[in-house]
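Trainee: Please give me a close look at a single part of this structure, namely the largest pocket. I should then like to see how that part connects with its surroundings.

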Amino acid sequence: MSTAMKTPGVYIKELDAFGNAVVPVPTAVPAFIGYTQNTSFEGESLLNKAVKISSLAEFFTIFGSDAPQIKFSIKDPETDKDPDIILSNLKGYTISPSTTMYRLFSAMKLFYANGGANCYIITIGNYSSPLNKTDFSDAILLLKKEQEPTMLVIPDLVELFKKDGDKKDLATYYADAYALQGEMINHCGEDMPSRVAILDIPRGFYEPLVDQTQSIDAFRDQVTPTLPKSNSYAAAYYPWLHTSIYQESDVSNNNLDSDGLNTLDGIIRSELEMTKDDLTKKLDENPNKKLDKKTLDLDIKISYLTGVKYKGKYKNNEGPPQLTDFKDDDRKKENGMADAAMKILSPSYKAILDNIQHHLNLMPPSAAMAGIYTAVDNNIGVWKAPANVAVLSVNAPAINIDHNAQQDLNVPLSGKSVCAIRAFTGRGILVWGARTLDGNSNDWRYINVRRTLI
């Protein structure tokens, strides 16, 4: 209804030519918390600071690369444990990490392989720092100062377990991990309701003779935010993934600890009982012509590889030269030659490295999901569910989930839904769920609905 003009005069009524503008805001900016190689850049400390990056190359420049080497041990299996590998000597061995598995670096590679873009990194220590729940908790509090992040991801969380604990008692073994996940949900649901937490299931991978529902049940029982409604601000994904992040060239004898090298030395020496002529012939048959066949001495090569001094008879009763006798460049060259030679000559050595590569490539899925959230938001929109989407740089899920198994993941009595990642013939590895932890809610059971509204 128009307003009557009460006095004579000239009146001008301005009309907007365009509709009201909507200011776009980024909807997929994850914040990662973890440990990095570098904790300073250009003389300035990076510890407990949220640093925004836009590419994997920028992460390398500022935070460095992978841990110098994650070390593994080779041991005889315990009486109640099946061996990880059976070598040519017909003996079984277990191959397991003997140092901390820092996962932020590999998580960043998986994030960008699946469509990642801008993100924030908070480093809480370098590769000599022990994993500490308090450090993670303090970093979460620091994120209150940052308004832009819309997701919270902590890939290292799955390594927060008690070293001397009982692996079958998951509630106690992963107590710190579950408590930290509760803090992540509280942060997103109460303190900063403009972001969601992407969670991993601790030990969400295949283990022989272990009931795999234990990891899901323990997660549901132990992860309890302060307010139940905060569960809609989190989504959990299962199982872990066999990725291709680490290539064959990334693994060598440098990944074995001193005990592992001693064991390796005995394995190779007992396996390669052949003459120098036989070895030279075998190398001649290999297409790799870079190997130094003229100066080949098997005992020296093995000593280079394992660092175990050969006890055989040499001139003046001296052993072969050791890697410590060389300069850095020569040491790297000789070690590389020995590594290449043993990969050809020793099936056991090759099998051990393949098993280490398999361990390194078994990764929790949260970083990949952060990348998928970003890709879906950028290509379609935040309202689109991040599901029925392929997970890239992944060879297979650690556990094959069928339709029946997924029913309990989707609709449990507790309401804490877990999103499945499944393999489909002819279609690849797909995200096959988009539910929040508040699965019993009619309003907030889907992660895309929660993210759209915030």
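Mentor: Helices (H or I, at least four residues) and strands (E, at least two) are DSSP runs, and they are numbered from the N terminus. Residues are numbered from 1 along each chain as its sequence is written. The model is predicted, so local features need pLDDT of at least 70 and side-chain atom pairs count only at pLDDT 80 or more, whereas totals for chains, interfaces and linings use all residues; side-chain values use heavy atoms, with hydrogens and water left out.

A pocket is sought on a 1 Å grid over the protein atoms alone, as an open set of points where a 1.4 Å probe fits, with protein on both sides within 12 Å along at least five of seven lines; a lining residue has an atom within 4 Å of a point. The volume is the space filled by probe spheres set on the points, which are joined across faces, edges and corners. By this reckoning the largest pocket holds about 1700 Å³ of space. Its lining consists of 44 residues, and those nearest the centre are Lys81, Ser96, Lys167, Phe205 and Glu207. Two or more lining residues come from each of β5 (72-75), β7 (92-97) and α11 (347-361). The largest share, 4 residues, is that of β7.

As to chemical character, Ala, Val, Leu, Ile, Met, Phe, Trp, Tyr, Cys and Pro count as nonpolar, Asp, Glu, Lys and Arg as charged, and the others, Gly among them, as polar. The lining then divides into 17 charged, 16 nonpolar and 11 polar residues.

Consider next how β5 and β7 are arranged. Two strands pair if DSSP finds at least two bridges between them. An open sheet of 3 strands runs in the order β5-β7-β6, and its pairing is antiparallel. Its edge strands, β5 and β6 (85-86), each pair on one side only. Between β6 and β7 there are 2 bridges, and isoleucine 86 has glycine 92 of β7 as its bridge partner.

Helix α11 also reaches this sheet. Asparagine 355 belongs to α11. Contact means heavy atoms within 4.5 Å; neighbours within four places in sequence aside, asparagine 355 is in contact with Asp84, Ile85 and Ile95. A residue is called buried under 20% relative accessible area, exposed over 50%, and partly exposed in between (1.4 Å probe, protein chains only). Asparagine 355, at a relative accessible area of 12%, is therefore buried.

Beyond this region there is a second open sheet, of 9 strands, in the order β4-β8-β1-β9-β10-β11-β16-β17-β14 with mixed pairing. Because β4 (51-53) and β14 (389-390) each have a single partner strand, they stand at the edges, and one side of each is left without a neighbour in the sheet. Antiparallel to β8, β4 is joined to that strand by 3 bridges, and lysine 52 stands opposite tyrosine 120. On β1 (residues 30-34), 4 bridges lead to β8 in parallel; isoleucine 33 is partnered there with isoleucine 122.

In a regular strand the side chains alternate between the two faces of the sheet. In β8 (residues 119-123), Cys119, Ile121 and Thr123 lie on one side and Tyr120 and Ile122 on the other, and all are buried.

Towards the other end of this sheet, valine 431 is placed in β17 (residues 428-431). With 0% relative accessibility, valine 431 counts as buried. Its contacts outside the four nearest places in sequence include Tyr237, Met369, Pro386 and Val389.

A word on confidence is in order. The predictor's confidence in each residue, pLDDT, runs from 0 to 100. The protein averages 85, and 83% of the residues score at least 70. Over residues 289-296, however, pLDDT stays under 50, and this stretch has 16 contacts beyond four places in sequence. Residues 311-323 are likewise below 50. Where pLDDT is low, the predicted coordinates should not be read in detail.
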